[in-house]
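Trainee: I'm new to this one. Could you pick a single part, the strand hairpins, and take me through it slowly, then show me how the rest fits around it?

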Amino acid sequence: MPDLAASAPTEPPASIVVVGAGLAGLRTVAELRAQGFVGSITVVGAETVPPYDRPPLSKELFAKTEPVWLSGEGFGELTDLADRVLLGHRASALHAVDDGVTLTVTPAGAPAGSPDAAPDAAPGEPLSADAAPDAAPGEAPGAVVLATGAAPVVPAGWDGATVLHTADDAARLRAALSPGARVVVIGAGWIGAEVAGQAAARGCDVTVVEAAPTPLYRQLGATLGERTRPWYAAAGVTLRTSCPVTAVRPGEVHLTRRDGAAERLAADVVLAAVGVRPVTGWLGGAFPLTPRGALRVDPVGRVAGAPASVRAVGDCVDMEVPGVGLVPGGHWDAALTHPAALVADLLGQAGPPLAAPYVFSTQLGHDLALVGMPDDDASLVLRGDPGGAWTALLVEPAKDGATGVLLAGFTVDRPRDVGPLRKLLADGARPVLDLTRAADPAVQLRRAVLTADRAAGPA
Ligand SMILES: Cc1cc2nc3c(=O)[nH]c(=O)nc-3n(C[C@H](O)[C@H](O)[C@H](O)COP(=O)(O)OP(=O)(O)OC[C@H]3O[C@@H](n4cnc5c(N)ncnc54)[C@H](O)[C@@H]3O)c2cc1C
């Protein structure tokens, strides 16, 4: 990570372009206004509709048949907050120059005649959105905030597989999931499990095929992932683990069974839920990327290898958190909370402390939360009833075995532990726990803390 602090701007930018009109983009614009930015804001968003919430697309696939607009959830109206909103437009190139950043913006299928569509450009003609259009020499340069999110991965050769990422995807999936339909969900991750439960409750015949040995293997590790296995049968879903899919053809899924034999599953609907990739390809290698293709940022969104006028936030980034390491993006809470610190730094103000990594999910009849960063080598301390509501604390035990450093917590139907975990792990903290007290579900988590160690957190 280069010394980004050395290149911090000395004065706030004159104008700002936000690329991406999802949660992170909208929150960035709202924070800019809330923190007193009076300059010009342009937003470029590839989708033709205003920002909406994605988690209900899988969790409430049938209960919410219209997008849950973020403006209706109290996040603000993009068109009220920004000077110029180019929905249905895609940033297709970025050039960092000495006094700011220049973007090339191209219409991305905006409906003809839409008031938001390409006001200064004929369809198909590039529109240049200079981040500092009016900056004279010596004036503060413009800035750009990249909030382009992530897109579902569909491996080559998976013809006929559908995905769930946008409101349009949800509408298509909803229409296809009629009672009795044979549904194969590839991937027992967060979204795969959520959709499998919804489809089974709808009366579909659902099979989840997972290459790893357990569900949620990549997210939680084998031990915790295994604990979610019984939920599938209980929800009427067939789960096949250690079965890598080799191809998807219209109407069938080809997989390799545990015993190594090839098998075909007939399917009316195939959902690929095998992960997402940050939307960074359009940058054409302008900045170095992390192994999963994300922009590497610091806790105030400064992009490694980029001028300080380029910031990034949300699903398109991995964040280097002092004392914690590289925290992958991809979760709602980061898109919600990280823009506040990014904007404060961009405007030369002090920002809030960094929230702990936090993921939530409602799947197969259970409410889950993961707080902090799980570590494969961590020991588990269980609080609660393993057959009912429980929390697993992931700790690095001390030699005496009586105390341990808290790294993460995973809650199942035990919301009362979520808030305390988020507080204890905020700002890169690594508290030391009394493990006997921590294992007692009747003892409040904060009462098991011996040292609220913030030494490892950011200075
Ligand atoms: C079905 C589903 C369920 C989910 N459930 C949960 C959950 O339970 N818990 C949780 O923590 N997270 C969940 N998530 C993840 C969560 O929704 C994301 O972390 C969050 O939406 C990230 O916001 P974002 O603004 O960074 O990205 P996005 O919401 O993806 O928004 C990015 C926007 O940028 C646009 N864009 C991309 N490229 C360009 C470009 N070149 N020019 C202009 N615009 C561009 C995209 O079209 C998109 O509209 C879920 C996601 C999905 C899809």
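Mentor: Here is a walk along one strand and its partners, followed by the cores and the ligand shell.

A bit of housekeeping comes before that. Residues are numbered from 1 along each chain, following the sequence as written. This is a predicted model, so local features need pLDDT of at least 70, side-chain atom pairs count only at pLDDT 80 or more, and totals for chains, interfaces and linings use all residues.

The chain has eleven helices and 27 strands; these are DSSP runs numbered from the N terminus, with helices being H or I of at least four residues and strands E of at least two. Our strand is β13 (residues 252–256), where Val 253 and Leu 255 point to one face and are buried, while Glu 252, His 254 and Thr 256 point to the other and are not. "Buried" here is a count: 20 or more other C-beta atoms within 10 Å of the residue's own, with 12 or fewer called exposed, anything in between partly exposed, and C-beta atoms placed from the backbone. That pattern fits a general habit: in a regular strand the side chains alternate between the two faces of the sheet.

Now look at the partners of β13. Strand β12 (residues 245–249) runs antiparallel to β13 and is joined to it by four bridges; two strands count as paired if DSSP finds at least two bridges between them. Val 248 has Val 253 in β13 as its bridge partner. Two residues sit between the strands of this hairpin, and Gly 251 takes a positive phi near 90°. Strand β14 (residues 262–266) is antiparallel to β13 too, with five bridges joining them. Here Val 253 finds its bridge partner in Leu 265. The hairpin of β13 and β14 has five residues between the strands, and Gly 260 has a positive phi near 90°.

Next, the packing. The largest nonpolar core has 71 residues, and Val 185, Ile 186, Val 270 and Leu 271 touch the most other members. A nonpolar core is a set of buried Ala, Val, Leu, Ile, Met, Phe, Trp, Tyr and Cys residues joined through C-beta atoms within 7 Å. Helix α5 (residues 190–201) gives this core its largest share, seven residues. Because domain 2 (154–272) and domain 3 (365–451) both contribute residues, the core lies between them; the domain bounds come from an automatic or database assignment. Val 185 touches residues including Gly 192, Val 195, Val 206 and Leu 271, leaving out those up to four places away in sequence. Contact means C-beta atoms, placed from the backbone, within 7 Å.

Finally, the ligand. It is surrounded by 36 residues, the closest being Gly 20, Gly 22, Arg 54, Gly 149 and Gly 314; a residue is near if its C-beta atom, placed from the backbone, lies within 6 Å. Elements giving two or more residues to this shell include α1 (23–34), β2 (40–45) and β21 (358–363). Domain 1 (4–150 + 276–346) and domain 2 (154–272) each supply at least three residues to the shell.

β21 has a hairpin as well. Six bridges join β21 to the antiparallel strand β22 (residues 366–372), with Tyr 358 opposite Val 371 in β22. Two residues lie between β21 and β22, and Leu 364 in the turn has a positive phi of about 50°.

Terms used
Contact = placed C-beta atoms within 7 Å.
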